[in-house]
Number of protein chains: 2
Amino acid sequence: MEVRVPTPSRTSLEEIVTAGRTVLRAGGLDALTMQRVGDLVGVRASSLYKHVPSRAGLVRLVVEDVFADLGARLDAAATTGDPATDLRALGRVLREFAHEDRYGFDLLFSPLSQEASPDSGSFAAASAPILRVAEAIAGPDDALPAARTLTAWAAGFLRMELVGDFHLGGDVGEAFDFGIRALVAGIRDVRAVPRE
Amino acid sequence: MEVRVPTPSRTSLEEIVTAGRTVLRAGGLDALTMQRVGDLVGVRASSLYKHVPSRAGLVRLVVEDVFADLGARLDAAATTGDPATDLRALGRVLREFAHEDRYGFDLLFSPLSQEASPDSGSFAAASAPILRVAEAIAGPDDALPAARTLTAWAAGFLRMELVGDFHLGGDVGEAFDFGIRALVAGIRDVRAVPRE
DNA sequence: ACCTGAACACCGTTCAAGT
DNA sequence: ACCTGAACACCGTTCAAGT
């Protein structure tokens, strides 16, 4: 009696995403080609389509991986209960992450095609610790805009730093610290400033 | 006597950059291909190399054009002399610009190859009005970090808005206003917050 | 059931040949 | 002096053919 033995996979989705992350880290999104990823996992580019619907679909999985990674680190960082201290810790983690994986960080705030855009829960999960600290500083009513202000500032600052927009001199680490202090003070005081 | 009549250019650098800007505006950086630009100015892609060293070189010219454009609008916006009012005007102009030309705005804070990176003066010129207002709010000593805080926040906020990171609900325009008020208050008060 | 190789449409870029 | 068309190396993606 003859037995059909289907070829077992020579790779896996997990291995492919990990390879994608490795390639992204080293050379950015442009370097994340199907051929390069195929090389890394040991199959031809065309074989990747058995595991992933398209390059955009692979990018999506990689971005979600980056979000999950950052989220876990943020979660572990804000633990003292003192809002100002926790916020500074979150800022430090964000900055470390951005320096460690600039292309990955960049991707978190990049416009992507529909197909490559991460599940909306990815962003929400990663920003939960920031929302918690923002609520502690601004109160429940202003927690959301406060968190948005903090996240926007951090994302913009680190992006500018990595792109090299800070060439007017001055200490960049000091400017980062200045920003956090200004935000803590400002978010506490918002109601004191007239609305127009 | 025979006279050599060299073929006159069928296009020009200016026309090419304008076409590049048009294509960028409509479809983003991925759509900015030599073929597409060639179509628009009426020559083959390979002929563009008589006017531009490479696609990266063309991208650079286009980015510098976007910076110049934004800088001119910012310059025209901060005119009342009242720092808080001027800052809100600058914020409004930035947000309008980002909505009007999301891909162009995005490019201002995108990591580009060396060859595609704009002249450092481009960024400095565009941010001059912000620096002026920051100095009026924070004083000369803190003008630079204050300007960086403001720019970083605006860049990050608008980027997140355009990418669609604000899906938790809430009014985005209100959050933008919240951010400006918080920053004005915070930058004025920075010295009041202990350094650690 | 997975993998390969050929094929297709599309890139950027170079260059000999046309005018 | 500028433009064209062919050519090359590289993409993403599809698919018949192999195992």
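In the predicted model, a polar side-chain atom of B:Ser46 lies 2.9 Å from a base oxygen of DNA strand D. The neighbouring contacts of this strand involve phosphate: a phosphate oxygen of DNA strand D is found 2.9 Å from an N or O atom in the side chain of B:Ser47, and another contact places a backbone N or O atom of B:Arg44 at 2.8 Å from a phosphate oxygen of the strand. B:Arg44, B:Ser46 and B:Ser47, together with A:Tyr49 and A:Arg55, come nearest among the 19 residues around DNA strand D. Of the strand D atoms within 4 Å of the protein, 67% are sugar or phosphate atoms, and the rest belong to bases.

DNA strand C is surrounded by 20 residues, of which A:Arg44, A:Ser46, A:Ser47, B:Tyr49 and B:Arg55 are the closest. Sugar and phosphate make up 70% of the atoms of DNA strand C that come within 4 Å of the protein. A base oxygen of DNA strand C lies 2.9 Å from a polar side-chain atom of A:Ser46. Chain B contributes backbone contacts to phosphate oxygens of DNA strand C, with a polar backbone atom of B:Arg55 at 2.8 Å and a backbone N or O atom of B:Met34 at 3.1 Å.

Away from the DNA, aromatic side chains were examined. Over all chains, the count comes to 12 aromatic pairs. One of them joins B:Phe157 and B:Phe166, with ring centres 5.0 Å apart and 55 degrees between the planes, a tilted arrangement. Both of these residues, B:Phe157 and B:Phe166, are buried. B:Phe157 also pairs with B:Phe176; here the centres are 5.2 Å apart and the planes stand at 65 degrees, which is over the 60 degrees required, so the pair is edge-to-face. This second pair links distant parts of the chain, since B:Phe157 belongs to helix α7 (residues 143-163) of chain B and B:Phe176 to helix α8 (residues 172-189) of chain B, 19 residues apart. B:Phe157 and B:Phe176 are both buried.

In chain A, one aromatic cluster is formed by A:Trp153, A:Phe157, A:Phe166 and A:Phe176. The ring of A:Phe176 also has the charged end of A:Arg95 over it, 5.5 Å from the ring centre. A further arginine, A:Arg102, lies over the face of A:Tyr103 at 5.6 Å from the centre of that ring.

Helix α6 of chain B spans residues 120-138 and bends by about 45 degrees at B:Ala128, with a proline, B:Pro129, following within four residues. Buried residues of this helix include B:Ser122, B:Phe123, B:Ala126, B:Ser127 and B:Pro129 in its earlier part of the list, and B:Ile130, B:Val133, B:Ala134, B:Ile137 and B:Ala138 thereafter. The buried residues of α6(B) pack against elements of both chains, namely α7 (143-163) of chain A and α3 (55-77), α4 (83-100), α7 and α8 of chain B. After α6(B) comes B:Gly139, which has a positive phi near 85 degrees.

Helix α7 of chain A contains A:Thr151. A:Thr151 has a relative accessible area of 11%, which is under the 20% limit, and is therefore buried. When neighbours within four places in sequence are left aside, A:Thr151 is in contact with A:Ile130 and B:Met160.

Terms used: Residues numbered from 1 in each chain as written. Chains lettered and ligands numbered in written order. Predicted model: local features only at pLDDT ≥ 70, side-chain atom pairs only at ≥ 80, totals over all residues. Heavy atoms only, no water. Phe/Tyr/Trp six-rings, centres within 6.5 Å; stacked < 30°, edge-to-face > 60°. Buried < 20%, exposed > 50% of the residue type's maximum accessible area, 1.4 Å probe, protein only. Helix = DSSP H or I, 4+ residues; strand = E, 2+ residues; numbered from the N terminus. Lys NZ or Arg CZ within 6 Å of the ring centre and 35° of its normal. Bend = angle between axes of the 7 residues up to and from the residue. Contact = heavy atoms within 4.5 Å. Near = heavy atom within 4 Å. Polar contact = N/O pair within 3.5 Å; in protein donor to acceptor, adjacent residues only side chain to side chain.
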